[in-house]
2 protein chains.
Amino acid sequence: MSDTGGHEDPIEKIPVWCAGEDWCPVTTTATLIGKKWHPVIIHRLLEHGPSGFNELKEDVDGISSKVLSDSLEDLEEKQIVNREIISERPFRVQYSLTHHGDSLSPIIYAMRDWGLEHLSEPEDQTDSIV
Amino acid sequence: MSDTGGHEDPIEKIPVWCAGEDWCPVTTTATLIGKKWHPVIIHRLLEHGPSGFNELKEDVDGISSKVLSDSLEDLEEKQIVNREIISERPFRVQYSLTHHGDSLSPIIYAMRDWGLEHLSEPEDQTDSIV
DNA sequence: CGGCATCCACATGGATACTG
DNA sequence: CAGTATCCATGTGGATGCCG
């Protein structure tokens, strides 16, 4: 952890049960970021830069504290997100992407681009959030 | 369904609860392919072309009939996979990617490339050099 | 502010067995 | 061959409340 220095530790290994299969990197990567809110969190950090807990919570409308906390913990374990305490009083934390996390941007943006191209807007949308 | 032709129906809509947010396409796309085996199935179909049920089951080592069946049904509903009965006796089915499914290839390959670049092999011993 | 504790509902996936 | 039908364990997320 705490690799703000620029050098990164080895990340998750290929699981043994699919090693050798050419789809193994696919499913392993999907497992890393495949939880419901992980891509969104990564996208927020890509777009907005380092953020505090409640900043993320506000950004990602509808996510609960527990789920955000769990997700961030999971992302931190996977060395995708870095957690840094930037102030003790008042207590402030800053989440940012590690080098590994940042390298996921092609996937995240590929998802976004696909969505923009292939998903249609809801018709009954009354614009509520700007 | 069953548009093997050159023109596709509108696919899933942007959900109302996140419409307007710039991360909304991200999470919506993630929801489409974010199940455990979806990326692998899509990858198999991209690499191997149209396949039968048991072909996929053999390819994707460890997946059970039920999960594969559920996944394919889900992918079919989402117009990512096309199911075609190619023979009644003996009963044979062929699964293939729709245009929408095929258009997901940048995401799938982005996942694979990331995995190839950032994941280490399980039996590789040159991992803990810090 | 930035969480964690708890409880609960539901979704997901695995194992096994069986069918047209 | 191409699935279904169960049953069950676990995962995941939501709601609420509390704490340092």
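Select A:T28 and show its side chain, which reaches the backbone oxygen of A:C24 at 2.7 Å. That is a polar contact, meaning a pair of N or O atoms within 3.5 Å; within protein, one must be able to donate a hydrogen and the other to accept it, and residues adjacent in sequence count only if both atoms are side-chain atoms. A:T28 sits in helix α1 (residues 24-33) of chain A. Helices here are DSSP runs of H or I with at least four residues, strands are runs of E with at least two, and both are numbered from the N terminus.

This is a predicted model: local features need pLDDT of at least 70, side-chain atom pairs count only at pLDDT 80 or more, and totals for chains, interfaces and linings use all residues. Residues are numbered from 1 along each chain as its sequence is written, chains are lettered from A and ligands numbered from 1 in the order in which they are written, and side-chain values use heavy atoms, with hydrogens and water left out.

Stay on A:T28. Its relative accessible area is 6%, so A:T28 is buried. Buried means under 20% relative accessible area, exposed over 50%, and partly exposed in between (1.4 Å probe, protein chains only). Now display what A:T28 touches: A:K13, A:I14, A:P15, A:C18 and B:L119, not counting residues up to four places away in sequence. Contact means heavy atoms within 4.5 Å.

**The disulfides**

Move to A:C18 and A:C24. They form a disulfide, with their sulfur atoms 2.0 Å apart. The cut-off for a disulfide is a pair of cysteine sulfur atoms within 2.5 Å. The angle about the S-S bond is 55°, and the link is right-handed. Both A:C18 and A:C24 are buried.

Switch to chain B. Here B:C18 is joined to B:C24 by a disulfide, S to S 2.0 Å. The torsion about this S-S bond is about 55°, so the disulfide of B:C18 and B:C24 is right-handed. B:C18 and B:C24 are buried too. Over all chains the count is 2 disulfides.

**The core**

Which residues touch the most other members of the largest nonpolar core? Select A:I42 and B:I42; they do so in a core of 65 residues. A nonpolar core is a set of buried Ala, Val, Leu, Ile, Met, Phe, Trp, Tyr and Cys residues joined through side-chain atoms within 4.5 Å. Leave aside neighbours within four places in sequence, and A:I42 is in contact with A:I33, A:L75, A:I80, A:L97, A:G101, A:L104 and A:I108.

Next, color helix α2 of chain B, residues 38-48. This helix is mostly covered, with 9 of its 11 residues buried. Among the buried residues are B:H38, B:P39, B:I42 and B:R44. Just after α2(B), find B:G49, which takes a positive phi of about 75°.

**A loop in chain A**

Go to A:T98, in the loop between β2 (91-97) and α5 (99-103) of chain A. A:T98 counts as buried because its relative accessibility is 7%. Its side chain reaches the backbone nitrogen of A:H100 at 3.3 Å.

**DNA strand C**

Show DNA strand C and the 15 residues that surround it; the closest are A:S69, A:R83, A:Y95, B:K35 and B:K66. Sugar and phosphate account for 70% of the strand C atoms that come within 4 Å of the protein. That same 4 Å, taken to a heavy atom of the residue, makes a residue near a strand.

Three phosphate contacts are worth labelling:

- A polar side-chain atom of A:Y95 lies 2.7 Å from a phosphate oxygen of strand C.
- A side-chain N or O atom of B:K36 is 3.0 Å from a phosphate oxygen of strand C.
- A polar backbone atom of A:N54 is 3.1 Å from a phosphate oxygen of strand C.

Color by element. β2(A) gives the largest share of the surface near strand C, 4 residues.

**DNA strand D**

Finish with DNA strand D. Of the 15 residues around it, A:K36, A:K66, B:S69, B:R83 and B:Y95 come nearest. Where does the side chain of A:K66 meet strand D? An N or O atom of that side chain is 2.7 Å from a base nitrogen. The side chain of B:R83 places an N or O atom 2.5 Å from a phosphate oxygen of strand D. For B:F53, a polar backbone atom is 3.4 Å from a phosphate oxygen of strand D.
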